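Trainee: I should like to understand how the terms used for charged side chains are justified. May we go through some cases together?

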Amino acid sequence: MKAAAKENTTPLYIQLKNRLISKIQTGALLPGDKLPSESELQREYGMSRVTVRNAMAELEVGGFIVKVQGKGSFVAQPDMLQLPSGVMSFTGNAKMQGIRLTTEVLEAGVRPVESELDKSFFGLEDGGEIMAVKRIRSADGIPISVEENHFSAKLETLAGDDLTGSLYELLMRKYRMIPSNKGRRSIYISYASEETARHLDISVGTPVIDSELCVFDINGDPIHTVHEIVRGDNNKYMRWYV
């Protein structure tokens, strides 16, 4: 790899930052990939440690990378994971279509674990606890889905965070957790209960898409499970790209 051009009037740390951004945007570095260490970048580009650190700091502030203490720097994930078969996330679809995305938080707090999925995923026994975040996601004012995320009770401080945006962005920026690997996923058709009908403004018994997903971090450690109920006529309000 050629060293950065020192005759270029652009500051060296900006040159390095732009080179790394280019690698990320072209797919040479993928979400979750570990970046070379500062010393390796020094040798590769012939730059000082201060220059490399400034470039890495810029990348972190820009949301391109996430630093994990004791592990290094990683390419940031999109704000939501890709679903099976390349289906984009709710957030990704909404942004791409210029749809106004809003979120209502219904619950954020620690509660006793109930599902066998959570017990298995987090290694909990009866009497254990999880941190639950339940939200309604709306597109241009139309409620599209009800999602319930369960985290380890160690993340109880989530209750004090702004949960109306991307949970993954929050996890990466504040908690240095990098969602990466998806585990078990189930998708099936069910019928709206009274509670679901109330949240989604549909009739009781209306067909809905019901799904569950387990998400791990880059080391294979559990981050969360999510149970999502999506209204069956959602394609009237936004398109789902595959």
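Trainee: Why is lysine 174 called partly exposed?

Mentor: In this predicted model, lysine 174 has a relative accessibility of 48%. Buried requires under 20% and exposed requires over 50%, so lysine 174, at 48%, counts as partly exposed.

Trainee: What makes the contact between lysine 174 and aspartate 161 a salt bridge?

Mentor: The closest N and O atoms of the two residues are 2.5 Å apart. The cut-off is within 4 Å, therefore the pair qualifies. The pair links distant parts of the chain, with aspartate 161 in the loop between E5 and helix H6 and lysine 174 in helix H6, 13 residues apart.

Trainee: Why does aspartate 161 count as buried?

Mentor: Its relative accessibility is 15%. Because buried means under 20%, aspartate 161 meets the criterion.

Trainee: How do you know that arginine 135 forms a salt bridge with glutamate 147?

Mentor: Their closest N and O atoms are 2.6 Å apart, and the limit is 4 Å, so the term applies. Arginine 135 lies in strand E4 and glutamate 147 in strand E5, 12 residues apart.

Trainee: What makes arginine 135 buried or exposed?

Mentor: Arginine 135 has a relative accessible area of 0%. This value is under 20%, so arginine 135 is buried. Glutamate 147, at 5%, also counts as buried.

Trainee: Why is glutamate 116 called exposed?

Mentor: The relative accessible area of glutamate 116 is 58%, and exposed means over 50%, so the word is justified. Glutamate 116 meets lysine 119 in a salt bridge of 3.3 Å, N to O.

Conventions: Residues numbered from 1 in each chain as written. Predicted model: local features only at pLDDT ≥ 70, side-chain atom pairs only at ≥ 80, totals over all residues. Heavy atoms only, no water. Salt bridge = Lys/Arg side-chain N within 4 Å of Asp/Glu carboxyl O. Buried < 20%, exposed > 50% of the residue type's maximum accessible area, 1.4 Å probe, protein only. Helix = DSSP H or I, 4+ residues; strand = E, 2+ residues; numbered from the N terminus.
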